[in-house]
Amino acid sequence: AVQEQARDEMAKKFAALVEILIAEKRDWTTVSQLKSAKGKNACRAFNRADAEAVLEELTTHGFLLKGSLSLPKVGLCHVYSPFFDTERALGDVVSLIHDERLTFSECFHWGAMQKYMSPDHGRFSNEGIFIRYQEAKLRSLQQRRGPGVKKGEDRAAEEAADALLSKLKQARSTKQMLFSGLKKDAAESGDEICQEVRYFYPTSMRGRRIVSDPGAQGLSRSLRQVLFPKARDFDFENSVFTVVVQLADMVRPIAALPLLQLSTWRRVAASRDEVCREVLSCSLKEGKQLLLEVAHGSALPGRNSLKLSEQAQTFLKSLADAARVLRWLACSQLPSLLEKARKQGPSKKDAKKFWPEAHVFACWWYAAEDNCLSALVDLVQDIQTPRRHVSLHFDGVLLSPAGVHRKGPLSYSYPHGLSCSCQGEEQPVISCAFA
């Protein structure tokens with residue numbers, strides 16, 4: 001009875017700490033931060049002076065994860081984040097072993113590529129003009145810098161221009177590399193060129209398969225329409241929310257935290273169009289982008305920026321709070337990956353994007369997504385057609401017409417209780433579900 005009472009007291013302290021972190025929009029806390037919490041964010045479950053002892057006690061009894069992180073102006077210090085125990089490990093729910101299928105045949109329309117790369121073609125030549133314009137703009141911003149430290153706005157404008165210029169040059173280089181590669185096989189293949197395109201996993205744990213050769217995955221949507229004019233996208237419906245909600249249910253968190261019910265995430269997974277229309281009062285395109293940004297940790301938009309109603313603001317806040325809890329859940333299941341990410345620290349190029357918890361959350365659900373993709377690949381490979389184009393695009397595949405024309409619904413059962421189904425010929429709807 002004494003032990004149960006002591007654990008109940010620790011559970012209250014843990015719940016109070018979770019409330020503070022959510023209110024202050026932080027994924028972790030330090031002893032100093034917890035001691036300095038004041039006003040409505042002050043902890044009422046224990047004395048601030050006992051913050052260090054309480055954090056260590058909660059860590060010892062499995063309520064918190066303790067790690068080390070180098071913080072600006074502070075240096076290396078201990079950080080504490082909530083730990084959620086689960087009935088099932090991630091590896092018990094989805095396979096974490098790499099799928100061995102890493103090479104797929106892609107068929108390019110050579111005539112369309114020739115026309116696109118022609119100096120007389122509007123889009124490609126306009127890209128060159130726009131790159132030269134961006135180079136001139138960047139030089140102008142750099143010359144305006146003057147002596148001393150640059151002003152914040154000037155620095156931000158210069159960084160944005162430099163990032164855009166790098167992106168444009170990279171895209172143009174990819175197209176030129178692809179064109180050169182296809183040109184070698186053009187004489188023998190005629191108007192359609194089929195090549196074997198390789199993919200790879202960037203980490204030892206299963207995640208998204210990235211294309212290593214010039215292929216459809218690395219091309220813009222507009223260029224894909226040029227090179228694969230008759231191919232069709234088969235994407236999972238509402239992939240992020242659908243996969244994450246099911247994955248959270250399957251690992252079975254033990255803690256009875258209200259936010260773990262994921263009510264807002266479930267609503268988006270079940271009826272995203274309705275949420276955009278009735279809650280956010282915006283178009284599907286705007287609402288989809290907004291929901292994805294908030295789900296991945298972006299700051300909530302100001303009420304006046306998108307003219308969001310109070311109802312929309314409340315919904316998005318609940319969505320963001322649940323996203324924070326999901327990051328904690330992912331880190332609880334992959335603590336070694338979290339520790340590794342924190343130890344590596346940010347690169348100079350991506351210092352502002354350094355967010356270990358978000359990285360672990362992405363790895364957590366990417367593993368499930370790739371299992372869904374494997375189920376979809378199994379499904380489409382049942383269709384025997386010659387010279388079939390199949391390219392992987394994280395949450396779906398791009399198929400040549402020969403791989404599309406098949407009557408009736410398709411379904412496939414995959415290991416770990418995962419099933420994939422596709423219905424409809426004009427507007428295919430693909431869903432992946434954990435049994």
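In the predicted model, serine 70 is found in strand 1, which covers residues 64-71. The residue is exposed, with a relative accessible area of 53%. Apart from residues up to four places away in sequence, serine 70 touches Gly75 and Leu76. Its C-alpha atom is separated by 7.9 Å from that of glycine 345, although the two residues are 275 residues apart along the chain.

Over the whole protein chain, 14 helices and 11 strands are assigned. The chain has 435 residues, of which 43% count as buried. Among contacts with a separation of 6 or more, 67% are accounted for by residues 24 or more positions apart.

Further pairings across the sequence involve residues in and around strands 4 and 8. Glutamine 195 lies in strand 4, which runs over residues 192-200. With a relative accessible area of 18%, glutamine 195 is buried, because the cut-off for that class is under 20%. Once its neighbours within four places in sequence are left aside, glutamine 195 is in contact with Phe104, Ser105, Glu106 and Phe108, and also with Gly181, Leu182 and Asp185. Arginine 206 is located in the loop that connects strand 4 and strand 5 (210-211). Arginine 206 also counts as buried, at 3% relative accessibility. Between arginine 206 and serine 95 the C-alpha to C-alpha distance is 7.8 Å, for a sequence separation of 111 residues.

Leucine 398 has its place in strand 8, a strand that spans residues 396-399. The relative accessible area of leucine 398 is 4%, and the residue is therefore buried. Its contacts, leaving aside neighbours within four places in sequence, include Ala216, Arg224, Phe228, Ala231, Arg232 and Asp233. Leucine 398 is also in contact with His389, Val390, Ser391 and His393. For one of these partners, phenylalanine 228, the C-alpha to C-alpha distance to leucine 398 is 9.0 Å, and the two are 170 residues apart in sequence.

Several residues were examined for backbone conformation. Most residues other than glycine have a negative phi. Phenylalanine 394, which is not a glycine, has a positive phi of about 65 degrees. This residue lies in the loop between strand 7 (390-392) and strand 8. Phenylalanine 394 is partly exposed, with a relative accessible area of 25%. Leucine 262 is likewise not a glycine and has a positive phi, of about 55 degrees. Leucine 262 belongs to the loop between helix 9 and helix 10. It is buried, with a relative accessible area of 1%. On the other side of helix 10, the helix is followed by serine 281, whose phi is positive and near 55 degrees.

Helix 10 itself comprises residues 263-279 and spans only 14 Å between its end C-alpha atoms. A straight helix of 17 residues, at 1.5 Å a residue, would span 24 Å. Helix 10 contains a kink of about 110 degrees, centred on serine 271. Its buried residues are Thr264, Trp265, Val268, Arg272, Val275, Cys276 and Val279. In an α-helix there are 3.6 residues a turn, so residues three or four places apart point the same way. The buried residues of helix 10 pack against helix 9 (239-251), helix 11 (284-295), helix 12 and helix 14.

Helices 12 and 14 also meet each other. Two packed helices are described by the angle between their axes and the distance between the axes. The axes of helix 12 (residues 310-333) and helix 14 (residues 356-380) cross at roughly 75 degrees and come within 8 Å. Helix 12 is therefore roughly perpendicular to helix 14, because angles of 65 to 115 degrees fall in that class. On the helix 12 side, the contact involves Leu326, Arg327, Leu329, Ala330, Cys331 and Gln333. These residues meet Glu357, Ala358, Val360, Phe361 and Trp364 of helix 14. By residue type, the contact of helix 12 with helix 14 divides into 8 nonpolar, 1 polar and 2 charged residues.

Methods
Residues numbered from 1 in each chain as written. Predicted model: local features only at pLDDT ≥ 70, side-chain atom pairs only at ≥ 80, totals over all residues. Heavy atoms only, no water. Axes fitted to C-alpha atoms, helices over the stretch in contact; angles between N-to-C directions. Helix = DSSP H or I, 4+ residues; strand = E, 2+ residues; numbered from the N terminus. Parallel < 35°, antiparallel > 145°, perpendicular 65-115°, else oblique. Contact = heavy atoms within 4.5 Å. Nonpolar A, V, L, I, M, F, W, Y, C, P; charged D, E, K, R; others polar. Expected span 1.5 Å × (residues − 1). Bend = angle between axes of the 7 residues up to and from the residue. Buried < 20%, exposed > 50% of the residue type's maximum accessible area, 1.4 Å probe, protein only.
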